[in-house]
Amino acid sequence: MGPREIYPNAPLALAIVELRHTVTAALSEADQAALKGFLAEVFPLARPAPGAVSMTVTPAGVTNEQTPPSPRYMTRDNTASVTFRPDAIAVETTRYVRRSALRELLRLAVTARQQVAPTDGLTRLGVRYVNEVRADIEGPADWSQWIIPDLTNIASLEAGANGPARSWQGMAVFGDQQHGVVLRHGNLEGYAVNPSGDLRRPTPNPGPYYLIDLDSFWAPEGETPTLDWGNIESRYDTAALNAQGLFEQLITDKYRQEVLRRDQ
């Protein structure tokens, strides 16, 4: 697995690695303090992640339930974090440079969890890249200069007096339930990743962008493997490379030369 080209103007807004594992009890205060000590050199800031809100409909009405916050630790520049949920470890960064750097953050998070409060097994690995492709366009049809026609040809359709499509979204699934890539894409406005969120990122000018959201995953079939680095590293590399290879197929040479490599 050789190195991939690092573009000066990569459109990646957020990279996430999620390791789902067998459900565990909530981490105690002592566990959280131990995790903070283990991670302090890289992730010194303890900032719990808000719990999720779920809605339940019953004959008596609608009830909303919120899960407790999850322990989360962040870098001082607020561009990377690791979150420990009862069923998953998530490493996120808005300053992605290369696959190996994110892999080392993941290794640190797995080692910390398994030394402080071990989990029983690995149930899914996912590597997600959220790209905001921005380029000069006058209208939706112009995306065909930058994104392959397989995704943008809908701009050539018209609905009578309503004219051509102004926006669109789509999804494609590659692979099967054990390993594959889910592609979500579309012509959108604003931001896919909020610049004012907990993870800070450079703020591009608001406006049209083309979303390329890639979730590359692996899940065990049959036996549940242990959550140790030997069962993770090669699968992480494969999932990341599959997503990166698909991204390269989705952009045009014009976008690669005139936008991604512009400062070279």
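This is a short tour of strand β6 and its two neighbours in a predicted model.

**First stop: β6.** Select residues 80-85, which make up strand β6. Is this strand mostly covered or mostly open? Switch on a surface and have a look. β6 is mostly covered, with 5 of its 6 residues buried.

**Second stop: β5.** Now add residues 72-74, strand β5. The two strands, β5 and β6, run antiparallel and are joined by 3 bridges. To see the register, show Tyr73 and Val82 as sticks: Tyr73 stands opposite Val82 in β6.

**Third stop: the loop between β5 and β6.** Follow the chain through this hairpin, where 5 residues lie between the strands. Pause at Asn78, which sits in that loop. What is the sign of its phi? Check the backbone of Asn78 in your viewer. Asn78 has a positive phi of about 60°, although Asn78 is not a glycine. While Asn78 is selected, consider its surroundings too: is this residue buried or exposed? Asn78 counts as buried because its relative accessibility is 16%, under the 20% cut-off.

**Fourth stop: β7.** Return to β6 and extend the selection to residues 88-93, strand β7. How many bridges pair β6 with β7? There are 6, and the pairing is again in the antiparallel sense. Show Ser81 and Glu92 to find your bearings here, as Ser81 stands opposite Glu92 in β7. Then trace the turn: β6 and β7 form a hairpin with 2 residues between them.

**Last view.** Colour β5, β6 and β7 separately and keep β6 in the centre of the screen. From there, you can follow the antiparallel pairing of β6 with β5 and with β7.

Technical notes
Residues are numbered from 1 along each chain as its sequence is written. This is a predicted model: local features need pLDDT of at least 70, side-chain atom pairs count only at pLDDT 80 or more; totals for chains, interfaces and linings use all residues. Side-chain values use heavy atoms; hydrogens and water are left out. Buried means under 20% relative accessible area, exposed over 50%, partly exposed in between (1.4 Å probe, protein chains only). Helices (H or I, at least four residues) and strands (E, at least two) are DSSP runs, numbered from the N terminus. Two strands pair if DSSP finds at least two bridges between them.
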